[in-house]
Amino acid sequence: MSKIGVDRIGAALVSICMLPVSAYAASPEVIMRQLVIELGRLKLLIIFIMIACLIGARLVGPLGKKLLFGLVFLIFFASQGQSVFNTFKNSDLYQHRKIMSLSDLQIIENVYASRFFSGKDVLPILVADYMPRAKVFLYDDSLYSKELLSWSGRNPDRTFMIGGYESTMDGSFKTACLSRPHILYKGRAKVPLYIATPLSIYEKEEQVFLMKDPTMNYLIPGSWRVSPDE
Amino acid sequence: MQLWIFVIGFLFSNLHKRTFDPVFRTLIALPIGWALFGICATIVYGVYFSAVSQVVLIVVLALATLALLVANIRQGALSRNSILLGGAGLIVLTGACILVNYLRIVTMVSDSSYLARFGQNIGLGNYEASRMVFSQWGPFVPFIHSITNLLDQKLYWQYQPVLSLNLVAIVFYTVYSIVRERKSTLKSFVAATVLVSVLVLSNLFLFHFFYIHVMLIGALYMYLFIFALIKMQEQPGRAYESLALLSLIAFSLARIEAPLYVTLILLIASFWQGWSYINRLKLIIPFVVLFVVWYARVYFMLPGSPDVLTKELTLAVIAVLVGFGLFAVVSRSKILDPIAKRTPLLTFMGLALVSILVTILKPEHMLASLVSTLENIFLGYGNWGLTWYFVLFLVLYFARRHATGRHWLSMLLVSYILLVYSLAFFSIPYHIGDYDSANRLMLQVLPLVLLYLSTQVAEFEVAARTSTVKNKVTRAQVSASGYR
């Protein structure tokens, strides 16, 4: 009954507002249905109460005005407060984060979808956060622009080495890597990047290697028995 | 670090202890401290950008602290009460920092990661890896992130929720103090609670509370700037002048388009009746000089393929600033006097005309922007809930014909909305969703809407009572004269 009531009252109000305007193609009922879909019945009811109280406040004495204002505020407070509380409690956005680093927030927690740092392009922020000393070996110098590599905060010429190692993953090594804790980070890129986890694993490495197979790239810690000599 | 920044800000605000009451002095300490940090960083990195610059910045900040301490001692401002007040402020701030650290919540979008990463590169003195940031955002927030390495952190995120808390506290207290000028303590407290709940009770605000970006910082400084402008008229002197100047500089350093907003605000507020020529220049000249020099420096720092701010746009900004400065200087001349007197109205009408013009030039683009913005605000796409309905309710509830409120603030709010609308002409249309620029710019202006509402609330019953008394007197006169 109340649902029908809200729709009817709403339709009546919309028709009043539409009277001077002949350009609307839709009927008041259609617009009302649309509003109900967009806003929800409860919010629409609150808006009607606000309008009613606003009109009522012009007709009653000071005490009545205060009561009407209080009523509107309490309804607003309850409705918005509940919405904010539920969002804070249930949304992934407001969860306690274990590690506060750009790499963890992007790769592990998936807090934001980065335009620049997706797939293998996440390397600069990984280097910035977790590779303070490591030399990073890349299999091709066309993989990254020098500008992107410089965003790591380290000197790209001294940090990134091109070639000089076997960059293709062989079957057994791939199986071994995939059996270790890892994440396949894709973001907005087409090809994912294998990253060992936790990310702090890269912190003590002297060398890190970017490797590949036909399906993806792998960021392999040097201590996993890969060296430029092999 | 935030405690040190607070001390700098507190020492500064304590120099004006005769004007700023103790609570206000404590509340503005952190924003003032960060503003001074941002100005020092801009000067240091503007002059010399290298790995040593961070050390130089720390030395400059230390010297600034020392200078402010000496100034406090020489002025006799550092009384026992002031020290206790500063100490209490530090304890509260420490509590806020501990709470924020305990929550460990951060909200980000991709832009946040660039802001943070580029900022961290500034701290490392890596010029090539950070200069892109100057074509995307103002330097203020990246400079805050530049101290990440000093804090031995991978991401400096704690400053944002603490500043958000500070914004809420400042809005609450300023609204309270404005209403308190005419109402009882209880009524002022209730009014401040109602108005602040409008600000904080929305999912959009919740997101921005923890959000690494320039949004709430911009809102904080724009709010402080305009509050100081209001107070400058009521309490002339150096206290609110310096607060206004620091806030406008910090605001302009936070957002890339902020100098445009500042110019608009100054055109309306500082040319309003009652403002002296000297007071106007005290704000406009330092603002123009600092930002012409900064943008000239930015011109040479921009990368080969910049993002938003191109070299041509930089020159255009410099030209606008120089033109604005010259207009302010010669506004006292007899030829320009009639225009200068009507500057606020002309600015408002000019913006209205521009809005119409851009709508005619790109009707689909502009109307799509308008519709999206309205849908974001009123239909829930912008994550506002019922906020703007309640704001409308408050505006209509407290609207009074005889109100003597600060009219330039209402004109400024409408002009701001017109400017936001017109800016859509130069970019992609505003779109549906809470990340939309116009939606976020509405969040930036919301504290000012509440400030405006607080002036209406302060005058509400006074005006009503005055008109009731007038009515009673008129009725009494009428009945006495035998007409009834």
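## Exercises on a predicted two-chain model

An open sheet in chain A has six strands, ordered β2-β1-β5-β6-β4-β3, with mixed pairing. The model is predicted.

**Exercise 1.** Find which strands form the edges of this sheet, and give its average twist.

*Solution.* Start with the ends of the order. β2 (160-162) and β3 (182-185) of chain A are the edge strands. Each pairs on one side only. Next, the twist: from one strand to the next it averages 25°.

**Exercise 2.** State the sense in which β4 and β6 of chain A pair, and the number of bridges.

*Solution.* Take β4 (residues 193-196) and β6 (residues 217-221) of chain A. They pair in the parallel sense, over three bridges. Then check the register: L193(A) faces N217(A) of β6(A).

**Exercise 3.** Describe the side of chain B that touches chain A.

*Solution.* Count residues: the contact takes 42 from chain A and 38 from chain B. Now list helices. On chain B, α6 (110-123), α9 (185-200), α10 (203-209) and α19 (387-398) each supply at least two residues. α6(B) gives the most, with eight. Finally, sort chain B's side by class: 22 nonpolar, 12 polar and four charged residues.

**Exercise 4.** Identify the residues that touch the most other members of the largest nonpolar core, and the helix that gives the most to the core.

*Solution.* The core has 200 residues; V175(B) and F225(B) touch the most other members. Helix α11 (residues 215-234) of chain B gives the most, with 16 residues. Chain A takes part as well: domain 1 (2-93) and domain 2 (102-221) of chain A each give at least three residues. Last, look around F225(B). Leaving out residues up to four places away in sequence, F225(B) touches A244(B), S247(B), L248(B), F251(B) and I265(B).

Methods: Residues numbered from 1 in each chain as written. Chains lettered and ligands numbered in written order. Predicted model: local features only at pLDDT ≥ 70, side-chain atom pairs only at ≥ 80, totals over all residues. Contact = placed C-beta atoms within 7 Å. Helix = DSSP H or I, 4+ residues; strand = E, 2+ residues; numbered from the N terminus. Nonpolar A, V, L, I, M, F, W, Y, C, P; charged D, E, K, R; others polar. Pairing = 2+ DSSP bridges. Axes fitted to C-alpha atoms, helices over the stretch in contact; angles between N-to-C directions. Core = buried A, V, L, I, M, F, W, Y, C linked by C-beta atoms within 7 Å. Buried ≥ 20, exposed ≤ 12 C-beta atoms within 10 Å, placed from the backbone. Domains from an automatic or database assignment.
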